[in-house]
Amino acid sequence: MTISLNDVKKVAKLASLRITEQEAHRYVENLQGILELAKQLKTVDIESIQPITHCIDLPQHLRVDQVTESNQRDRLQQLTEYVQSGLYCVPLVIESR
Amino acid sequence: MRSASLHDYTLHELSIALKNKKVSSKELTSYFLARINSYDPDLNSFITITAEHAYRQAEMADAQHKKGTAGPLTGIPIAHKDIFCTNYIKTSCASKMLDNFIAPYDASLVNALNQAGAVLLGKTNMDEFAMGSSNETSFYGPSKNPWDLTRVPGGSSGGSSAAVAARLVPAATATDTGGSIRQPAAFCNLTGLKPTYGRVSRYGLIAFASSLDQAGPITQTAEDAALLMNVMAGFDEKDSSSVNEPVPDYTRSLNDSIQGLSIGLPKEYFSSDLDPHVAAILETAIKQYERLGARVKTVSLPNCHLAIPLYYIIASAECSSNLARYDGIRYGYRCSNPLNLCDLYERTRAEGFGEEVKRRLLMGTYVLSAGYYDAYYLRAQKIRSLIMQEFKEAFQQVDILLGPTTPTTAFKLGEKIRDPISMYLSDIYTSAINLAGLPALSIPAGFIDGLPFGMQLISPPFTEGKLLNVAHRYQQVTDWHKKLPKGF
């Protein structure tokens with residue numbers, strides 16, 4: 001399977017990554033190299049194999065559904081300068097008239 | 001104790017010295033901080049040095065020793081890989097994205113070591129978000145190998161391995177997603193243990209590939225690793241993949257006899273492609289084990305050659321999902337003057353992530369996207385199941401597996417950074433173990449042209465005690481692990 005320049009641009013959009021034309025060309029080459037390696041995987045017969053969910057075959061541990069964390073809103077909001085009146089600031093999403 | 005040579009002691013020896021009041025934690029802290037100040041400008045093994053914090057912890061540790069309430073790690077200086085969240089301390093994951101991030105809580109592993117009285121000297125350099133095998137993808141520049149400053153210390157835990165190898169700290173924590181504890185340990189003549197998946201809590205470990213990531217120690221000896229594992233291992237309610245298995249005292253089985261131990265040599269690891277110097281080192285180590293009473297048998301892992309492509313599909317897929325959280329809104333880097341919300345996301349991520357991280361995000365998004373999921377990701381998860389089965393079958397025949405940790409010794413800085421595939425292939429012997437969730441360690445086994453070479457031991461799930469025992473017995477009769485790089 002080959003990867004095209006358009007594939008890379010589409011994937012970059014899906015990954016929310018801005019890339020330049022020059023970078024896109026480089027990534028086509030890089031990703032193609034990894035996909036070449038991945039070709040080996042096609043030689044394996046996987047018909048009867050179940051995909052794994054966890055390396056260690058044990059049931060999922062469930063903890064009691066109760067609140068254990070205290071409210072740290074003020075401290076957590078100190079992690080960015082883009083806060084006003086306890087709210088995170090982002091560019092305008094809905095256009096004003 | 002002669003303070004001029006405190007760095008010659010192992011963690012275990014320093015623990016005894018502290019207990020016998022031959023040295024105080026404050027003295028140790030100041031001694032190792034001075035070494036960091038002297039040597040780290042050349043090595044670049046630390047991103048953050050936490051001197052004030054360390055002295056506060058050392059004071060508390062000395063008080064505990066005075067009161068007689070100290071444990072084996074009380075007062076021992078350590079360093080954490082900068083992937084572990086440390087409350088009120090910068091936690092960057094070696095990325096521009098988190099260059100301004102002060103973690104608001106401690107990782108469970110950090111908390112456990114704090115409770116045990118360890119003294120944090122600083123946070124070590126690493127590949128950005130642990131993506132790399134050379135420490136060269138770090139936003140803060142590469143760390144250097146103390147055995148040869150023109151070479152890489154390995155990665156992703158290269159800062160931890162460089163710092164311990166130069167004895168700037170007696171031991172350090174690290175993480176391993178495809179070889180990131182074992183490969184740097186091998187490149188720097190150290191002992192590095194990747195525990196069973198689920199053995200050490202991942203809570204507060206900044207996620208790269210959640211089904212593969214596992215934390216462990218990088219130390220001078222297996223004995224030191226056992227002391228750290230006694231504190232690091234254990235069930236954690238906060239990590240849903242943590243496994244509730246009892247934690248043994250890993251130091252108790254260190255000296256067990258290995259008479260009758262059966263060691264498996266995977267024939268695929270010993271093919272004709274193996275470098276003759278590497279083959280000779282492993283041959284000598286195998287003979288050593290036979291003298292200790294072990295029996296050797298050839299086994300087969302027929303699909304282990306698929307580990308690298310499998311790893312790069314699964315790890316990239318998981319990282320593209322995990323790193324979606326870095327959007328510039330609530331913490332971390334944010335681009336300036338965004339035109340709109342999409343522009344903010346796309347430019348923040350383009351400017352905040354480095355080249356290797358972006359490559360993997362694109363790869364991961366590609367293999368998870370509509371039309372490709374079944375062909376790549378689902379197929380990879382099925383073949384992963386096959387790899388696990390092959391290890392299971394091997395362990396029905398033998399107790400442990402032995403092979404090289406890496407195909408070569410440490411490579412030159414800049415040698416592979418422009419060729420991602422060649423870099424990926426340096427993890428050829430380590431990544432299958434992460435895919436199967438098994439414990440494995442690397443120990444010093446010899447030198448090639450003056451550079452250290454590591455041997456890898458692999459065992460069934462939750463048998464870290466056996467691995468440490470087999471490594472310790474080897475270190476009792478060899479002195480590779482005692483060799484130090486010149487100039488430090």
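These exercises walk through chain B of a predicted model, each with a worked solution.

Residues are numbered from 1 along each chain as its sequence is written, while chains are lettered from A and ligands numbered from 1 in the order in which they are written. Local features need pLDDT of at least 70 and side-chain atom pairs count only at pLDDT 80 or more, whereas totals for chains, interfaces and linings use all residues.

**Exercise 1. Helix α1**

Find which residues of α1(B) are buried, and what they pack against.

Step 1. Fix the terms. Helices (H or I, at least four residues) and strands (E, at least two) are DSSP runs, numbered from the N terminus. A residue is buried if 20 or more other C-beta atoms lie within 10 Å of its own, exposed if 12 or fewer, and partly exposed in between; C-beta atoms are placed from the backbone.

Step 2. List the residues. In α1 (residues 11-19) of chain B, the buried ones are B:L11, B:H12, B:L14, B:S15 and B:L18.

Step 3. Look down the axis. The buried residues of α1(B) fall within an arc of 165°, so they line one face of the helix. The arc is that of the directions from the helix axis to the C-beta atoms.

Step 4. Find the partners. The buried residues of α1(B) pack against α2 (25-43), α3 (51-67), β6 (214-219) and α7 (222-232) of chain B. Contact here means C-beta atoms, placed from the backbone, within 7 Å.

**Exercise 2. Two positive phi values**

Decide whether B:K21 and B:C93 are buried or exposed.

Step 1. Take B:K21. It sits in the loop between α1 and α2 of chain B. Its phi is near 55°, positive in a residue other than glycine. B:K21 has 11 C-beta neighbours inside 10 Å, so it counts as exposed.

Step 2. Take B:C93. It lies in the loop between β2 (77-81) and α4 (108-115) of chain B. Its phi is also positive, about 55°, and it is not a glycine. B:C93 has 32 other C-beta atoms within 10 Å and is buried.

**Exercise 3. Strand β6**

Work out which strands pair with β6(B).

Step 1. Apply the rule. Two strands pair if DSSP finds at least two bridges between them.

Step 2. Check β4 (residues 172-176) of chain B. It pairs with β6(B) in the antiparallel sense over five bridges. Here B:T175 has B:A215 as its bridge partner.

Step 3. Check β5 (residues 191-194) of chain B. It pairs with β6(B) in the antiparallel sense over two bridges. B:T191 stands opposite B:T219.

Step 4. Check burial. Six of the six residues of β6(B) are buried, so the strand is largely enclosed by the rest of the structure.

**Exercise 4. Domains and core**

Locate the largest nonpolar core relative to the two domains of chain B.

Step 1. Set the bounds. Chain B is divided into domain 1 (3-258 + 402-482) and domain 2 (306-373). These bounds come from an automatic or database domain assignment.

Step 2. Get the separation. The domain centres, taken over C-alpha atoms, are 27 Å apart. Their contact takes 29 residues from domain 1 and 22 residues from domain 2 of chain B.

Step 3. Define the core. It is a set of buried Ala, Val, Leu, Ile, Met, Phe, Trp, Tyr and Cys residues joined through C-beta atoms within 7 Å.

Step 4. Place the core. Of its 162 residues, those touching the most other members include B:I78, B:V169 and B:I313. α9(B) gives the largest share, 10 residues. Both domains give residues to this core, so it lies between them.

Conventions: Two residues are in contact if their C-beta atoms, placed from the backbone, lie within 7 Å.
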